[in-house]
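I opened this notebook page to keep track of ring contacts and charged pairs, looked up one after another.

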Amino acid sequence: MTIVYGILGLGFLVFFHELGHFLAARLFGVKVEAFSIGMGPVLLHRGYKGTDYRISLIPLGGYCAMKGENDWRTALEENKSVIEGEKDSFYGIHPLKRLLIAFAGPFFNFVFVFIAFFVIALIGYKYYDAGTTVKMADEVYENISSPAHEAGMRSGDTIIALDGNKVEYYAEIFEYIALNADKDIAITFLRDGNTMELTVHSVLDKDTGAGKIGIAPTEFNKERKYGPYPFFAAAGQGVYKTFNELYVTVKSIGVLFSGVKITKVVAGPVRMTTMIGGAVKAGFKEGLGFGVVSTLEFLALISISLFITNLLPIPILDGGLILFAFIECVFRRKMHPKVLYYIQFIGIAFIALLLVIAIASDFRYFIGKEGKL
């Protein structure tokens, strides 16, 4: 069932993405020839106002087929210098409208993140965290170094601030250090009632991309509550959490260019599906409310990643379409089909390379997991 839950969760995010394209296309007068829930062979379909609405066999998202999406190929085959399109086709409208249609898909992923965090804030939940009293990891685990211990910290020290930012729970310490790999971090802590401060240089864990200083939490015995919030306060939490998640994700993507092991850090479609399914299954074991919260949190994390990834200026992604449309807006001339073809070819090669890396990452992950059982 884990895989089934994962497929349904990931499929919903892709469907929501395509819904954004669909609504924007209809708004700007582009004919949507087909809109499908699911992929592959069509099980049921019905035409309505020029659009063939479908339910397809494979529950992996869906698609929005717009009129004239492949007009650039026709122009290339007919050796035309510009891409021609009818007024109700994708390449027949103003490039600004085309830009907005391309942006609508990722934007809907961003909107979903807000909706998810808004609902979570309305529901609220309880969880357990550790305090800020820490122990040195090299005293607990074998073959582990501890930059914090080497710098002068001891087990039993209570951290009260990182780079001047106050902390009350271990989760705050973990997140701050994880996002600040290979940096000097000023740590303020209490020892025997005295306030002390020293600087620890965090190391980059090349297997995870996170920063570490070699500390471990004490027992997770501090109960924390999040929400429930009233409507407008929950909306405020939704906005705050959404932009915070955006910041964390962008910073995490930057880690990929700092020497980490890509095949370990990058998750492919199989592992992503398994992770979503695992989060859903584990959450609902704890109860309906916690299941909804854990599911929405994980889907929000994936959705913000889809938002950022699809905006990358890579051909065949929405970001590539946005870039092409922006260029046409600025220079007020359509791109030559051959230029678009060669750029698309490079984009396909790049995406294929990423897919190979992701699948290799999944393969190594599950082989390694099998070996540990």
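Which residues do ring pairs link into a cluster? I found that Phe12, Phe16, Phe108 and Phe112 are joined in this way. I note at the outset that the model is predicted, and I read every entry below with that in mind.

**Entry 1, aromatic pairs.** My search of the whole structure returned 16 aromatic pairs. I looked at phenylalanine 15 and phenylalanine 35, whose ring centres are 5.9 Å apart and whose planes stand at 55°, so I recorded the pair as tilted. Because phenylalanine 15 belongs to helix α1 (residues 2-27) and phenylalanine 35 to strand β1 (residues 32-48), this pair ties together parts that lie 20 residues apart in sequence. I also checked the accessibility of phenylalanine 35 and noted a relative accessible area of 7%, which means that it is buried, the cut-off being under 20%.

I then turned to phenylalanine 231 and phenylalanine 232, which form an edge-to-face pair with 5.3 Å from centre to centre and 85° between the planes. Phenylalanine 232 has a relative accessible area of 72%, so I entered it as exposed.

**Entry 2, charges over rings.** I found arginine 224 over the face of tyrosine 169, at 3.6 Å from the ring centre. Arginine 98 lies over the face of phenylalanine 90, at 6.0 Å from the ring centre, and I came back to arginine 98 when I went through the salt bridges.

**Entry 3, salt bridges.** I noted that the structure holds seven salt bridges. One of them joins lysine 67 to aspartate 88, with the closest N and O atoms 2.9 Å apart. Lysine 67 sits in the loop between β2 (51-66) and α2 (71-77), and aspartate 88 in the loop between α2 and α3 (95-123), so the pair ties together parts that are 21 residues apart in sequence. I recorded lysine 67 as buried at 17% relative accessible area, whereas aspartate 88, at 26%, counts as partly exposed. Following these two residues further, I saw that Lys67, Glu86 and Asp88 are linked in a network of salt bridges.

Arginine 98 also forms a salt bridge with glutamate 328, the closest N and O atoms being 3.3 Å apart. This pair links distant parts of the chain, with glutamate 328 in helix α10 (residues 318-331) and arginine 98 in helix α3, 230 residues apart. I noted that both glutamate 328 and arginine 98 are buried.

Finally, I looked up aspartate 205 and lysine 212, whose side chains meet in a salt bridge at 2.9 Å, N to O. Aspartate 205 is buried, with a relative accessible area of 16%, while lysine 212 is partly exposed at 43%.

Conventions:
Residues are numbered from 1 along each chain as its sequence is written. This is a predicted model: local features need pLDDT of at least 70, side-chain atom pairs count only at pLDDT 80 or more; totals for chains, interfaces and linings use all residues. Side-chain values use heavy atoms; hydrogens and water are left out. Rings of Phe, Tyr and Trp (its six-membered ring) pair if their centres lie within 6.5 Å; planes under 30 degrees apart count as stacked, over 60 as edge-to-face and the rest as tilted. Helices (H or I, at least four residues) and strands (E, at least two) are DSSP runs, numbered from the N terminus. Buried means under 20% relative accessible area, exposed over 50%, partly exposed in between (1.4 Å probe, protein chains only). A charge sits over a ring if NZ of Lys or CZ of Arg is within 6 Å of the ring centre and within 35 degrees of the ring normal. A salt bridge is a side-chain nitrogen of Lys or Arg within 4 Å of a carboxyl oxygen of Asp or Glu.
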